[in-house]
Amino acid sequence: MTETATATNVPTTADIIPGTDAAAHPVDASVADAALSSRNRLVITLLLVSTFVVILNETIMGVALPRLMSDLSITASAAQWLTSAFMLTMAVVIPITGFLLQRFNTRPVFIAAMTLFSTGTLIAAVAPGFEVLLAARVVQATGTAIMFPLLLTTVMTLVPPAHLGRMMGNISIVISVAPAIGPTISGAILSVLDWRWMFILVLPIALTALVVGGILMKNVTTPRKTPIDVVSVVLSALGFGGLVYGLSNLGTTPGGIASVAGGLPLVVGALGLTLFILRQLVLQRTDAALLDLRTFRSRTFTFSIVMMAISMMALFGTIILLPIYTQTVLGLSALYAGLMLLPGGLVMGLLAPFVGRLYDRSGPTLLLIVGSSIVSAVFWAMTMLGANSSPWLVLAAHVILSFGLALLFTPLFTASLAAVRPSLYSHGSAVVGTVQQLAGAVGTALFVTVMASVSASRLASGATDVAATAAGIQAAFLCGAMISLFAIPAAFFIRRPAAPTAGAHD
């Protein structure tokens with residue numbers, strides 16, 4: 001890790017005092033170290049704040065879906081695309097960020113990301129209908145997709161290995177708490193204002209982050225000319241897009257996966273993803289891959305990615321299901337539905353720094369075993385939620401689930417990226433971001449599809465709307481409970497990585 005940081009981050013006299021000649025005016029080492037430390041803290045702080053703002057919008061639509069279905073006259077399956085399309089766009093765009101972070105400096109990449117996000121937010125605020133709103137969400141997601149790997153790569157480059165856990169704890173606050181409190185914020189807004197205000201209120205915050213970051217952001221990497229493989233970009237879009245689109249349509253397509261409309265997108269997605277992987281394996285031999293898969297040579301990285309995918313499916317699937325359950329089945333208002341998710345989000349935020357310190361002291365294994373066991377147990381408990389369940393039971397389940405997830409995210413992000421060599425940090429960050437968003441999109445699509453399919457079947461059998469929806473929710477949580485079991489054995493294979501060298505994996 002120190003090899004890359006030394007090559008790109010030590011300031012010269014001219015860096016610290018603009019306009020001076022480095023050879024003629026040598027700077028004391030302590031002055032250079034202080035300037036470097038101050039610059040690094042500023043850059044990381046700006047990226048943390050900006051990433052929190054953009055990721056917050058990933059789940060802000062959850063509580064708003066019933067209102068949007070009514071105002072825009074759209075179905076539940078169409079409405080959930082306002083969340084799924086956001087995550088899907090990120091899954092398609094994030095692989096390209098490996099190229100962007102190697103080809104361009106930190107500051108212009110930051111400005112491009114925040115400009116895209118602000119533009120998408122403005123379009124959403126004035127959108128006349130569903131189609132324009134969906135397009136706005138895609139533009140927002142494009143900016144968000146760039147910010148996340150930029151943050152991870154920068155932190156891995158600047159932060160010493162001994163302090164990675166603590167810093168990743170701060171990043172976990174951004175990655176886990178921002179999506180968790182999104183529904184709470186949107187619920188509060190919807191209780192007194194129109195849905196457009198979810199974007200109107202975010203816009204000045206995004207523009208402020210853009211202006212302040214544009215002025216204060218410093219470049220912390222050395223760009224190098226890296227070609228982009230257009231074929232890989234196309235295959236990536238076909239692979240990830242086909243899979244998520246296919247999963248999203250299964251619950252509403254007559255005949256399900258056996259029909260052409262239901263099965264074809266999944267086949268296209270699987271084929272596109274297979275070809276994408278094969279192409280990367282060939283291109284990485286000459287360091288020309290869009291997404292370098294040599295990161296998976298590390299066992300720790302591979303098992304961390306598996307656990308991360310399961311955890312993100314659990315997080316985003318729950319975030320999309322609980323507001324539907326509390327509003328449609330339990331009859332709570334949008335405000336109360338959002339507030340139900342706030343304590344869990346706060347738990348994740350408060351625990352993240354402590355979990356980071358625990359990681360620095362003892363490593364990831366025990367934290368991951370305990371966390372994955374808690375998450376699985378809560379999912380099995382939530383399969384018993386019904387039409388007459390107490391809202392307090394739902395609140396307790398979500399808080400305990402959030403506690404388990406808090407034990408997972410910081411160790412997973414830290415161990416996975418620390419396990420790859422410094423030259424692959426940008427690709428490791430891109431893989432983490434891609435898997436995180438794809439898993440979130442798949443989790444959202446899968447949970448909603450199962451819920452919609454079972455609910456439709458119960459309605460056809462003569463059940464009431466409330467009873468049918470409750471049955472669909474139970475089935476979706478059962479699906480999540482079965483998936484969560486796979487994370488527990490994976491936790492035993494994740495160890496604290498040794499400090500990587502330029503050419504080795506653990």
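With 66% relative accessibility, Ser73 counts as exposed in this predicted model, since the cut-off for that label is over 50%. Ser73 sits in the loop that runs between α4 (65-72) and α5 (76-79). The backbone does something a bit unusual here: most residues other than glycine have a negative phi. For Ser73, though, phi is near 55°, a positive value in a residue other than glycine.

Stepping back to the whole chain, the fold is built from 21 helices and zero strands. Of its 506 residues, 58% count as buried. The chain exposes about 19200 Å², and carbon and sulfur atoms supply 71% of that area. Contacts reach well along the sequence, too: among those with a separation of 6 or more, 83% join residues 24 or more positions apart.

A second serine tells another story. Ser118 belongs to helix α7 (residues 106-125) and has a relative accessibility of 4%, so Ser118 counts as buried. What does Ser118 touch, leaving aside its neighbours within four places in sequence? The partners are Leu203, Ala206, Leu207 and Leu210. By the residue classes used here, Leu and Ala both count as nonpolar, so the serine side of this contact faces nonpolar partners.

Further along, Ile324 lies in helix α14 (residues 299-329). Its relative accessibility is 15%, which is why Ile324 counts as buried. Once neighbours within four places in sequence are set aside, Ile324 is in contact with Val329 and Met451. The C-alpha atoms of Ile324 and Val448 are separated by 9.8 Å, although the two residues are 124 apart along the chain.

Met451 turns up again in the packing of helix α19 against helix α20. The axes of α19 (residues 425-460) and α20 (residues 465-484) come within 7 Å and cross at roughly 140°. That angle makes α19 oblique to α20, because the roughly antiparallel label is kept for angles over 145 degrees. As for handedness, α19 passes α20 in a right-handed crossing.

On the α19 side, the contact is made by Leu446, Phe447, Val450, Met451, Val454, Ser455, Arg458 and Leu459. Facing them from α20 are Asp465, Ala468, Thr469, Ala471, Gly472, Ile473, Ala475, Ala476, Cys479, Gly480 and Ile483. How do the residues of this contact divide into nonpolar, polar and charged? The split is 13 nonpolar, four polar and two charged.

Methods
Residues numbered from 1 in each chain as written. Predicted model: local features only at pLDDT ≥ 70, side-chain atom pairs only at ≥ 80, totals over all residues. Heavy atoms only, no water. Axes fitted to C-alpha atoms, helices over the stretch in contact; angles between N-to-C directions. Helix = DSSP H or I, 4+ residues; strand = E, 2+ residues; numbered from the N terminus. Parallel < 35°, antiparallel > 145°, perpendicular 65-115°, else oblique. Left-handed = near helix turned anticlockwise from the far one by under 90°. Contact = heavy atoms within 4.5 Å. Buried < 20%, exposed > 50% of the residue type's maximum accessible area, 1.4 Å probe, protein only. Areas by Shrake-Rupley, 256 points an atom, 1.4 Å probe, with all protein chains shown as cover.
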